[in-house]
Amino acid sequence: METMSRTQCPITAMTELIGGKWKPVILYNLTFGTRRFGELAVRISGISRKVLTEQLKELEADGFVVRNQYQEIPPRVEYSLSPLGKSLTPV
């Protein structure tokens, strides 16, 4: 039997993208609609603001999350699921 490399296995590839402690929780919280950074920070118990920022940036870079920044004072940033992120909702 031929061994599959890590990149050929779809489960491994997906786990590398959305695995870990916080990404599934962030994605779950966004299934309920658009959230501001502060709302996510309050809803996700135990996550530091630094880690939340890093995880959101990674999810955005990987195409799962959309970040909308509004030119207001004070600045307002909202996060929502992209179509790719919404496709994970049943999972």
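Both faces of strand E3 are covered: Arg 76, Glu 78 and Ser 80 on one side, and Val 77, Tyr 79 and Leu 81 on the other, are all buried. Buried here stands for under 20% relative accessible area, with exposed set at over 50% and partly exposed in between (1.4 Å probe, protein chains only). Strands (E, at least two residues) and helices (H or I, at least four) are DSSP runs, numbered from the N terminus. The model is a predicted one, so to speak of a local feature takes pLDDT of at least 70 and side-chain atom pairs count only at pLDDT 80 or more, while totals for chains, interfaces and linings use all residues. Residues are numbered from 1 along each chain as its sequence is written, and side-chain values rest on heavy atoms, with hydrogens and water left out.

Back to E3, which covers residues 76-81: six of its six residues are buried, so the strand is largely enclosed by the rest of the structure. As for the two sides, side chains in a regular strand alternate between the two faces of the sheet. Ser 80, a member of E3, counts as buried because its relative accessibility is 16%. Setting aside residues up to four places away in sequence, Ser 80 touches Leu 30, Thr 34, Phe 64, Val 65 and Val 66, where contact means heavy atoms within 4.5 Å.

The sheet itself is easy to sketch. Three strands make an open sheet in the order E1-E3-E2, and the pairing is antiparallel. E1 and E2 are the edge strands, each pairing on one side only. Two strands are said to pair if DSSP finds at least two bridges between them. E1 (residues 35-36) and E3 are joined by two bridges in the antiparallel sense, while E2 (residues 65-70) and E3 share six, also antiparallel. Tyr 79 of E3 is the bridge partner of Arg 35, and Tyr 79 is likewise the bridge partner of Arg 67. Further along, Gln 69 stands opposite Val 77 in E3. A hairpin of five residues joins E2 to E3. Pro 74 sits in that loop between E2 and E3, and the peptide bond leading into it from Ile 73 is cis, with omega near -5 degrees.

Tyr 79 turns up again in the core. The largest nonpolar core has 19 residues, and Ile 26, Leu 27, Leu 52 and Tyr 79 have the most contacts inside it. Helix H2 (23-30), helix H3 (37-43), helix H4 (49-61) and E3 are the elements that give two or more residues to this core. Such a core is a set of buried Ala, Val, Leu, Ile, Met, Phe, Trp, Tyr and Cys residues joined through side-chain atoms within 4.5 Å. Leaving out neighbours within four places in sequence, Ile 26 is in contact with Ile 44, Ile 47, Leu 52, Gln 55, Leu 56 and Leu 59.

Arg 43 belongs to helix H3 and, at 47% relative accessibility, counts as partly exposed. Beyond neighbours within four places in sequence, Arg 43 contacts Asn 29 and Arg 35. The C-alpha atoms of Arg 43 and Asn 29 are 7.7 Å apart, with the two positions 14 residues apart along the chain count. Put plainly, Arg 43 and Asn 29 are 14 residues apart along the chain.

Then there is the pocket. The largest one has a volume of about 170 Å³, and its lining consists of Ile 18, Pro 24, Leu 27, Tyr 28, Thr 31, Gly 85, Leu 88, Thr 89 and Val 91. A pocket is an open set of points on a 1 Å grid over the protein atoms alone, where a 1.4 Å probe fits, with protein on both sides within 12 Å along at least five of seven lines; lining residues have an atom within 4 Å of a point. H2 gives the most to this lining, with three residues.

Overall, the protein chain has five helices and three strands, running α-α-β-α-α-β-β-α from the N terminus on. Buried residues make up 31% of its 91 residues.

Terms used: Grid points are joined across faces, edges and corners, and a volume is the space filled by probe spheres set on the points.
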